[in-house]
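Q: Please take a close look at a single part of this model and explain it in a connected way. State the terms and their cut-offs as you go.

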Amino acid sequence: MRRRIITGEAASGALLSEIALAEEFGVSRTPVREALKQLQTEGLVEIRPRVGTFVAAPSRRDITELFEMKELLEGAAARLLALRGRVPEVEQLEENVRQSDLAVEADDRARYAELVEEFHGLLITGADNTKLEAHYRTLMNQLAYSRLVVTSLQQPGRARQSDREHHVVLDLIRSKDGDSAEQVMREHVRASRRALLAGLDLP
């Protein structure tokens, strides 16, 4: 159920039937109910007593606040990774950026969206901070980030600009300039948030 929500297979605002889910997974309603409670804790569903359970539909404010946290965590991750030197994640980022260049040139937004997620994920793992990573994974689930990346990249010129921003972040990490890497990464997340909100019809 978590995967369906995060990928957008279960749309925002969709009703989740305990009975239907129990039948689909071949279990009683009790484990389904417990799973839905866990998803509510993660911010992925909304349980309305005597009404039903619905896939969470974040407001503009929700997305803004979550992106503010994303900016803090990813900025810190970029700084921490820069301070670690030539670790395997840096080489993986270099390959990611090479592949991203090709995707942007081919105007393959679906592929570039995948590479964006990978780039940000490599930053987090490269920071080598388990507490930061745990908070980040929870945040990404709440954002249902896979869907949002695709929306932000629909804005004209955003994919190419995003790719350039990734290049700058990577260059600063390779230069071991942690402070500048953090600053530029935070600016990159803010730019992504602006592109996303421009493409969403939210209150």
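A: Two strands are taken to pair if DSSP finds at least two bridges between them. Strands (E, at least two residues) and helices (H or I, at least four residues) are themselves DSSP runs, numbered from the N terminus. The model is a predicted one, in which local features need pLDDT of at least 70 and side-chain atom pairs count only at pLDDT 80 or more, while totals for chains, interfaces and linings use all residues. Residues are numbered from 1 along each chain as its sequence is written, and side-chain values use heavy atoms, with hydrogens and water left out.

The part chosen here is the sheet. It is an open sheet of three strands in the order 1-3-2, with antiparallel pairing; strand 1 (15-16) and strand 2 (45-48) are its edge strands, each pairing on one side only. In general, strands of a sheet pair through backbone hydrogen bonds, either parallel or antiparallel.

Taking the two pairings in turn, strand 1 and strand 3 are joined in the antiparallel sense over two bridges, and within this pairing L16 has T53 of strand 3 as its bridge partner. Strand 2 is joined to strand 3 (residues 52-55) by four bridges, again with the two strands running antiparallel, and here E46 stands opposite F54 in strand 3.

Strand 2 and strand 3 also make up a hairpin, with three residues between them. R50 has its place in the loop between these two strands, and its phi is near 65 degrees, a positive value in a residue other than glycine. With a relative accessibility of 86%, R50 counts as exposed, where exposed means over 50% relative accessible area, buried under 20%, and partly exposed in between (1.4 Å probe, protein chains only).

Strand 3 is covered on both faces, with G52 and F54 buried on one side and T53 and V55 buried on the other. This arrangement may be read beside a general rule, that in a regular strand the side chains alternate between the two faces of the sheet.

Helix 3 (residues 29-41) is the next element to consider around the sheet, since it lies across strand 1, strand 2 and strand 3. The helix runs at about 115 degrees to strand 2; for such angles, axes are lines fitted to C-alpha atoms, for helices over the stretch in contact, and the values run from 0 to 180 degrees between N-to-C directions. Contact in that wording means heavy atoms within 4.5 Å.

For reference, a residue outside the sheet can be set beside the turn residue of the hairpin. D107 is placed in the loop between helix 5 (88-105) and helix 6 (109-126), and its phi, near 55 degrees, is likewise a positive value in a residue other than glycine. At 54% relative accessibility, D107 counts as exposed.

To draw the sheet together, it is open, with strands in the order 1-3-2, strand 3 has both faces covered, and the turn of the hairpin holds R50 with its positive phi of about 65 degrees.
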